[in-house]
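Visitor: Please take a close look at one part of this model with me. I would like to go through its backbone and the sheet beside it.

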Amino acid sequence: MYRLNDNQRRQLRELLTTLVGIKSVVASREQANRDRAEEGMAAFLTDHLTKMGMTINRHEVHPGRCNLMACWPGQGTSGKSLMLEAHMDTVPVEGMTVDPFAAEIRDGRMYGRGTCDTKGSMAAFLTALAIAREEDALPADQIWFVSSIGEETCCEGAYALMTTPFRTDAAIVGEPTRCEVVTAHKGPLWVSVETHGRACHASMPDHGVNAIDLMARVIQFVHGPWREHISRGEHPLLGRSTTAVTTIEGGTKINILPAHCRVQVDNRLIPGEPMEKVFDNFRRMLAGHLGDERLFTVTGLTSSGQLDTPPDTPVVRRLLDVCRRAQGKAQPQGVNYFADTGPFSEAGIASVLFGPGDIAQAHTADEFIELEQLYLATEIMLTLLTENAGKSIVD
Ligand SMILES: [Zn+2]
């Protein structure tokens, strides 16, 4: 195992402190476009990667919001490629009980927005790459460092990148996995359902059609037959698909029979059926349940691909092997959240999630990362890179 010395650990902490100090909050697509949310991060990374000797390609997704793809030109002789990826954006900072940008270190932890999700991973990857390059111990694969925008709004940057010709053979995507290798996650399918009633005075309810009454039957469908339908399959690492009605609004006034009611439904699907097919099934089965498809409209809000990378994929096998030596044990893991691995995997890139910190601390009011996790992730990445110097990791 590669071990970081005190000086390297200090530089790693300083790098993460700098990254956390750069605000890159994404609350919504509109806000992020207006604020050019990742511009500061992209500027810092451009400078930092240039100092590492890398050449940077910018992929503009929205004005002032660019994915960055960096490599050392001419490096890599295997004809294969590996990307280390970490998103630039963070969730908002409202309600935080620690200074979001101060990166205060206390009791072996660094506190701040993004320490855990996912600037910790970014600092670990950048540090590992820089040291491996300094020691002239890079693998024979072309190595890319990629940083995306808008991950927190459903992997927007990664999806946009996959509409370009940019591809690698494999990807290690930085997310707080406690330095475990995550090979599977579910994909979200978010839909909204609106019921169409007919308003009338509430004193004569028989003269109208009550949209809330209709919605009660929709909810009964989602939590009944629909739940039963989508939970029939089981994945060894992920269990079953789930569904839940999560928002509701309807009605205008206490004495008016409501003409409209709307709910949002969060489906989390295990790998298997294509999203479009699941969506069609939802609409078809709901029409059957209500007996009339004119009573409602279903709208797809967003969806993101699942991850299900075979554990015997070379990059997975090698990463698991290093993790096993570092931590005594390592098994492929499944998680319930989704990440840039969704779009990458859909585009045919063999992808895994790996990074320091615990997802339980992501998005929280006192987000932090344990420094030991940060060091460990960096040492694991360094070991993976340097012990495969001159060889392929992905083949
Ligand atoms: Zn993340």
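Is Asp136 buried or exposed?

Guide: This is a predicted model. Asp136 is exposed, with a relative accessible area of 70%. For reference, exposed begins over 50%. The residue sits in the loop between H4 and strand E6 (142-147). Its backbone stands out. Phi is positive, about 50°, although Asp136 is not a glycine. Most residues other than glycine have a negative phi, and most peptide bonds are trans.

Cys154 also has a positive phi, about 60°, and is not a glycine either. It belongs to the loop between E6 and helix H5 (156-161). Cys154 counts as buried, at 8% relative accessibility. The cut-off for buried is under 20%.

Now go to the other end of H4. Thr118 lies in the loop between strand E5 (109-111) and helix H4 (119-134). The bond that joins Asp117 and Thr118 is a cis peptide, with omega about 0°.

E5 leads into the sheet. Its 3 strands run in the order E4-E5-E16, open and antiparallel. Strand E4 (105-106) and strand E16 (368-370) are the edges; each has a single partner strand, so one side of each lacks a neighbour in the sheet. Between E4 and E5 there are 2 bridges, and these strands run antiparallel. Across this pair, Ile105 stands opposite Met110 in E5.

A helix completes the view. H10 (residues 371-387) lies across E4, E5 and E16. Its direction makes an angle of about 65° with E16.

Definitions and conventions: Residues are numbered from 1 along each chain as its sequence is written. This is a predicted model: local features need pLDDT of at least 70, side-chain atom pairs count only at pLDDT 80 or more; totals for chains, interfaces and linings use all residues. Side-chain values use heavy atoms; hydrogens and water are left out. Helices (H or I, at least four residues) and strands (E, at least two) are DSSP runs, numbered from the N terminus. Buried means under 20% relative accessible area, exposed over 50%, partly exposed in between (1.4 Å probe, protein chains only). Two strands pair if DSSP finds at least two bridges between them. Contact means heavy atoms within 4.5 Å. Axes are lines fitted to C-alpha atoms, for helices over the stretch in contact, and angles run from 0 to 180 degrees between N-to-C directions.
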